Amino acid sequence: MKDFQLRNDTKLLYRSDPVEDIAGYVKGKRVLFVYGGGSVKKNGCYDDVKQAVSDGNGEFYELSGASRELSDIERGIKMVRDNNIELIIGAGGAQIMDCSKLIAFGACHEADLWDYVKGRKNPYGFEKMPLILMPTYPSSGSEYGLGAVSADKRTGDFGTAYGIAADLAVLVPKYSMSLGKEMTEYTGLVTLVQLCASTLGDKNPVSYDIGISVIKNVLKAVKRLKDNPDDEEARGVILYGASISTSSRLGLGKEENYAYEIYEIEFVPEVLFSATYRKSLTSVFPRFLKVMAKYHEEEICSFLQDALGYKRNVADSADRLVTLFSEMGVDMYFDGAVSEQDVTDINIETTLSTAEVTAIMKECMRK
């Protein structure tokens with residue numbers, strides 16, 4: 001068995017009602033609540049956090065309209081300093097949780113924060129503010145992972161700081177109840193793809209089997225939500241699956257990280273078509289498997305059979321995935337055109353050639 005290390009940076013809580021737990025963590029502290037739009041007020045998260053801070057005799061401050069933009073992170077750091085904030089709570093999707101991580105870390109390392117985002121410095125183990133993350137849009141797993149993405153539209157630059165962990169992640173299924181049908185389906189399918197990327201190529205029999213089990217249960221949950229959007233237990237399975245997908249519990253025996261290249265390639269439609277991460281990842285993944293099978297066919301074929309019961313060759317199985325995702329209600333195609341030059345102009349790191357990445361994208365184009 002290959003050497004591995006399990007990390008336990010973040011305590012994970014699964015709660016139907018998180019108020020009492022959060023009140024205990026924020027006791028007597030000045031708390032900055034970071035969120036994006038109005039969804040946290042629709043799904044009850046805002047009221048729960050405010051009540052928890054009140055019950056814990058803390059002081060409540062809020063940063064609304066947050067995003068991964070460096071300007072928003074800087075705005076949050078300024079609020080931390082101006083108000084002597086002692087703890088940060090971030091609630092939302094990946095953008096809000098990444099923003100909260102970078103505020104918590106940047107408040108202690110503001111001068112060279114961008115060096116960490118660009119990977120020139122490693123933030124793991126360095127000082128940061130106490131941080132609680134609460135996903136209201138499950139899929140990214142940022143609450144339980146180490147990555148934090150940021151972009152600076154003023155310069156067009158972007159990057160990922162890898163090594164910033166929350167102290168506490170709180171999973172509350174009811175917070176995703178306000179999501180519409182399409183967004184709910186995307187939460188499950190994005191989680192499914194991320195779990196596949198973590199599990200594919202894993203040669204550790206224990207973590208591989210865990211990954212296969214979680215994939216199967218997430219797929220069942222997606223199908224249950226299609227018929228019953230109010231199924232809170234199914235939403236909980238997806239929440240847990242998203243967190244596990246970014247943990248150190250899966251992929252312990254990976255000898256090659258080719259499956260993770262999906263995260264580089266999905267960036268292409270984000271740039272070319274201003275696509276969301278969720279649409280890019282789900283649309284690209286089956287086509288990515290087709291092309292990557294040129295180098296890892298036996299392993300990918302075996303994985304697809306174990307995880308999804310697909311017993312055909314990779315190309316046929318990938319087509320079945322496109323059909324499955326489409327039947328779940330998501331659009332698997334982009335409008336427009338793509339050339340090799342378009343792909344060349346995008347800075348991504350992959351073992352695939354420009355022609356192969358272009359072939360993936362052309363399969364994603366609506367005929």
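**Exercise 1. Classify R81 by accessibility and describe its ionic pairing.**

*Solution.* R81 has a relative accessibility of 41% and counts as partly exposed, given that buried means under 20% relative accessible area, exposed over 50% and partly exposed in between (1.4 Å probe, protein chains only). The model is predicted: local features need pLDDT of at least 70, side-chain atom pairs count only at pLDDT 80 or more, and totals for chains, interfaces and linings use all residues. Residues are numbered from 1 along each chain as its sequence is written, and side-chain values use heavy atoms, with hydrogens and water left out.

Next, take the partner. A salt bridge is a side-chain nitrogen of Lys or Arg within 4 Å of a carboxyl oxygen of Asp or Glu. R81 forms one with E110, the closest N and O atoms being 2.2 Å apart. R81 belongs to helix 4 (residues 70–82) and E110 to the loop between helix 5 (94–109) and helix 6 (113–117), so the pair ties together parts that are 29 residues apart in sequence. Helices (H or I, at least four residues) and strands (E, at least two) are DSSP runs, numbered from the N terminus. E110 is also partly exposed, at 35% relative accessible area.

**Exercise 2. Determine which parts of the chain the salt bridge of K174 and D48 ties together.**

*Solution.* The side chains of K174 and D48 meet at 3.4 Å, N to O. K174 is in the loop between strand 8 (168–171) and helix 7, while D48 is in helix 3 (residues 45–55), so the bridge links parts 126 residues apart in sequence. As for accessibility, K174 is partly exposed at 27%, whereas D48 is buried at 13%.

**Exercise 3. Characterise the packing of helix 8 against helix 12.**

*Solution.* Two packed helices are described by the angle between their axes and the distance between the axes. Axes are lines fitted to C-alpha atoms, for helices over the stretch in contact, and angles run from 0 to 180 degrees between N-to-C directions. For helix 8 (residues 205–227) and helix 12 (residues 277–308), the angle is about 55° and the axes are 8 Å apart. Helix 8 and helix 12 are therefore oblique to each other; angles under 35 degrees count as roughly parallel, over 145 as roughly antiparallel, 65 to 115 as roughly perpendicular and the rest as oblique. The contact (heavy atoms within 4.5 Å) includes Y208 and I212 of helix 8 and F303 and A307 of helix 12.

**Exercise 4. Compare the span of helix 7 with expectation.**

*Solution.* At 1.5 Å a residue, the 19 residues of helix 7 (residues 181–199) should span 27 Å, and its end C-alpha atoms are 27 Å apart, which agrees. The expected span is 1.5 Å times one less than the number of residues.
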